[in-house]
Structures are given as C-alpha cells and as structure tokens.
Protein chains: 2
Amino acid sequence: MTDGFYFEDMPVGRVLHSARAIRIERDRMIAFAEEFDPQPAHLSEEQAAASQFGQLCASGWFTGSVTMRLVAETLVIAKGGMGIGVDNLRWPRPVLPGDTLRVTIEVLAARPSRSQPSRGLVTMRTTTFNQHDQAVQELTSIVMMPLRSASQR
Amino acid sequence: MTDGFYFEDMPVGRVLHSARAIRIERDRMIAFAEEFDPQPAHLSEEQAAASQFGQLCASGWFTGSVTMRLVAETLVIAKGGMGIGVDNLRWPRPVLPGDTLRVTIEVLAARPSRSQPSRGLVTMRTTTFNQHDQAVQELTSIVMMPLRSASQR
C-alpha cells in the first residue's frame, strides 16, 4: 500500500488512529484567528473574558484545519482524497492553548460511485480528542477514493 | 448597533451580503495546504495533475476559513458568536488560484435557548460564490447569539 489507501482499504467498521498528537500553540492559534476568525474569544485573554466563551479558545476552523492535518497523515489516499462534504460538525468542548489533539477515524459507509466507476464514496466519522481524552470536535465526512481494482486495469 | 448584532437582529429570512470579496492568492493557498492539508491537489500544479482533481485547487478547509473571515466581517456578533456546529458543508466546485470569493448569509431559523435564557440560537445558510457567481461552498451553521433584551437588563 505504498501509494496510499484505496477504496477497498476502507471497509465499514475500520478504525484508524493518528500516530501522533499536535500541540496547539497559543501564538499560532491567535494568528490563525487574526487571519480567518477575528472574534474576541479567539484573539486574546482580555477580549475573550468579555465574550460569550469567557476564555481564550481556538476558532472552530482552526480545530478543523488541525484535524485535517492529522487526517491527511493518518489516511494517505492514493491520488489524494476528494472531499465531497462534511456533516454533523460539532465542537462539544473548547480547544485551549497548550492542548494536544489526536484523531480517530471510523468508516460508517462505503459504496462504489454510480457516476464514476473507478471511484468509491466513503463516509467516515472523525473525532478529535484532547489530552484528557475528551472529544473537542466531531464530524462526518464523505470522501471520494479511487478503486484499486480500476487503477490496476 | 455599534457593539454588533444581537439575536433580535437575525429574524428568519434576513439576508446579509459580504461588503467585499477576498482574492485567493496562489502562494497563501498552497502554504495553508502545506500546513493543514498536504494532499497532492492542493500543493502544486505538477502534483495536482496526477490527483483525483486533476488541477491545483484549494483545500476545502482553506475555503471554509476564508469564508469564516468574510462572515466575521459581515455578521459582527455582540460578545462574539459561539459556533455550535455546521451541517451540509459542501464544495460543489473547486476554488482556483486567483478566484475572488464573497458570501451570502440567510437566516433559516431562530429561537431562544432553552438552557440559557440570555441567548438565542440562529441557524443560517452561508453560500460562498466565486467571481463567476458560481457557488463554491455551502454550509448551514448554528450560532449562539446574545439577546439584546437580556443585555439591557
């Protein structure tokens, strides 16, 4: 499987775990927010104290992006994955500076594509955990993956 | 409304448009992918040509983050918004280098929070368009917003 995962490698029920965790550095977290999500809870302790959150925490899009990094390292897809969409994206707990995040990926459904016979659609649930094993993000994604059988023809 | 939007300012059917568009710079798009989504379609023209996409295009998480920036400028929420979750996140067309993106936000539902009487939950559909007025991203988000009536007590 040197060129990565194919559709056939992701049967329903398969579970993958990221090999490492990523530490959330305060400065990187704030710089991301300044560029992409400049709301008070994500910019500084002072502004966050008066926000709905009450404490400095990561933008959900930063958590999602860090999660994508862990997923890309864990599930290396042959020819690259093609994300069709994401559902049920939730942030049940805030991500705080210094947290370390890891992910678990579970295959919920898999079927060949109707329109493109050389590809298949895999539905997976990705859960992001902090260092206390608390879920900080959950999502379900639909990803197009190439079929090994079609690639070898 | 100098301190931003409250729950009462987002009745069902209200539509907001971003005041500006953001141009997708090729180098920024690639740097984001190197940090968060290092898959071949997002890294270089050469790697993308052999990928499922066939052309260099943005990570969906980059598109989502740029969209968040436009939303944060367009809908400035008093005390900052608190994102509860996102559903139906789809990328119907690829985002290409040089594209300029704008957003439209439409309120689909709004109700006071049951657990927190000083806040309300607003469900909105955010659509991101390119310079050809083609949708490149759609999502439905649920955001907690403070009630003006509670803030003035």
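**Close-up views of a predicted two-chain model**

**View 1. Strand pairing around β4 of chain A.** In this predicted model, strand β2 (residues 22–23) of chain A and β4(A) run antiparallel and are joined by 2 bridges. Within this pairing, A:Ile22 has A:Leu101 of β4(A) as its bridge partner. Strand β1 (residues 15–17) of chain A also pairs with strand β4 (residues 100–112) of chain A, in the antiparallel sense and over 3 bridges. Here A:His17 is matched with A:Thr104 in β4(A).

**View 2. The hairpin of β4 and β5 in chain A.** β4(A) pairs with strand β5 (residues 119–129) of chain A over 10 bridges, again in the antiparallel sense. The connection from β4(A) to β5(A) is a hairpin through 6 residues. A:Thr104 has A:Thr127 as its bridge partner in β5(A); A:Thr104 is also the bridge partner of A:His17. In a regular strand, side chains alternate between the two faces of the sheet.

**View 3. Helix α4 of chain B.** Helix α4 of chain B comprises the 15 residues 60–74. At 1.5 Å a residue, the helix should span 21 Å, and its end C-alpha atoms are 21 Å apart, so the expected and modelled spans agree. α4(B) is mostly covered, with 13 of its 15 residues buried. At the start of the helix, a side-chain oxygen of B:Ser59 comes to within 3.1 Å of the backbone nitrogen of B:Trp61.

**View 4. The surroundings of B:Thr126.** B:Thr126 belongs to strand β5 (residues 119–129) of chain B. Its relative accessible area is 3%, and residues under 20% count as buried, so B:Thr126 is buried. Apart from neighbours within four places in sequence, B:Thr126 is in contact with B:Thr67, B:Val71, B:Val103, B:Thr104, B:Ile105, B:Gln137, B:Glu138 and B:Leu139.

**View 5. A salt bridge between A:Arg148 and A:Asp9.** The closest N and O atoms of A:Arg148 and A:Asp9 are 3.0 Å apart, and the two residues form a salt bridge. A:Arg148 lies in helix α4 (residues 148–151) of chain A and A:Asp9 in the segment before β1 of chain A, so the pair ties together parts that are 139 residues apart in sequence. A:Asp9 is buried, at 11% relative accessibility, whereas A:Arg148 is partly exposed, at 22%. Over all chains, the count comes to 20 salt bridges.

**View 6. Salt bridges of Arg23 and Glu25 in each chain.** In chain A, the side chains of A:Glu25 and A:Arg23 meet in a salt bridge at 3.2 Å, N to O. A:Glu25 has a relative accessible area of 40% and is partly exposed. In chain B, the side chains of B:Arg23 and B:Glu25 meet in a salt bridge at 3.1 Å, N to O. B:Glu25 is likewise partly exposed, with a relative accessible area of 39%. In addition, A:Arg20, A:Arg69 and A:Glu73 are joined into one network by salt bridges that share partners.

**View 7. The relation between chains A and B.** Chain A is superposed on chain B by a rotation of 180 degrees with 0.0 Å of shift along its axis (RMSD 0.0 Å). The two copies are thus related as by a two-fold rotation axis. The same surface serves both copies, since 100% of the contact residues of chain A recur in chain B. Of the residues of chain A, A:Asp87 comes closest to the rotation axis, with its C-alpha atom at 2.3 Å.

Definitions and conventions
Residues are numbered from 1 along each chain as its sequence is written. Chains are lettered from A and ligands numbered from 1 in the order in which they are written. This is a predicted model: local features need pLDDT of at least 70, side-chain atom pairs count only at pLDDT 80 or more; totals for chains, interfaces and linings use all residues. Side-chain values use heavy atoms; hydrogens and water are left out. Helices (H or I, at least four residues) and strands (E, at least two) are DSSP runs, numbered from the N terminus. The expected span of a helix is 1.5 Å times one less than its number of residues. Buried means under 20% relative accessible area, exposed over 50%, partly exposed in between (1.4 Å probe, protein chains only). A polar contact is a pair of N or O atoms within 3.5 Å; within protein, one must be able to donate a hydrogen and the other to accept it, and residues adjacent in sequence count only if both atoms are side-chain atoms. Two strands pair if DSSP finds at least two bridges between them. Contact means heavy atoms within 4.5 Å. A salt bridge is a side-chain nitrogen of Lys or Arg within 4 Å of a carboxyl oxygen of Asp or Glu. Copies are superposed by least squares on the C-alpha atoms of residues with pLDDT of at least 70 in both.
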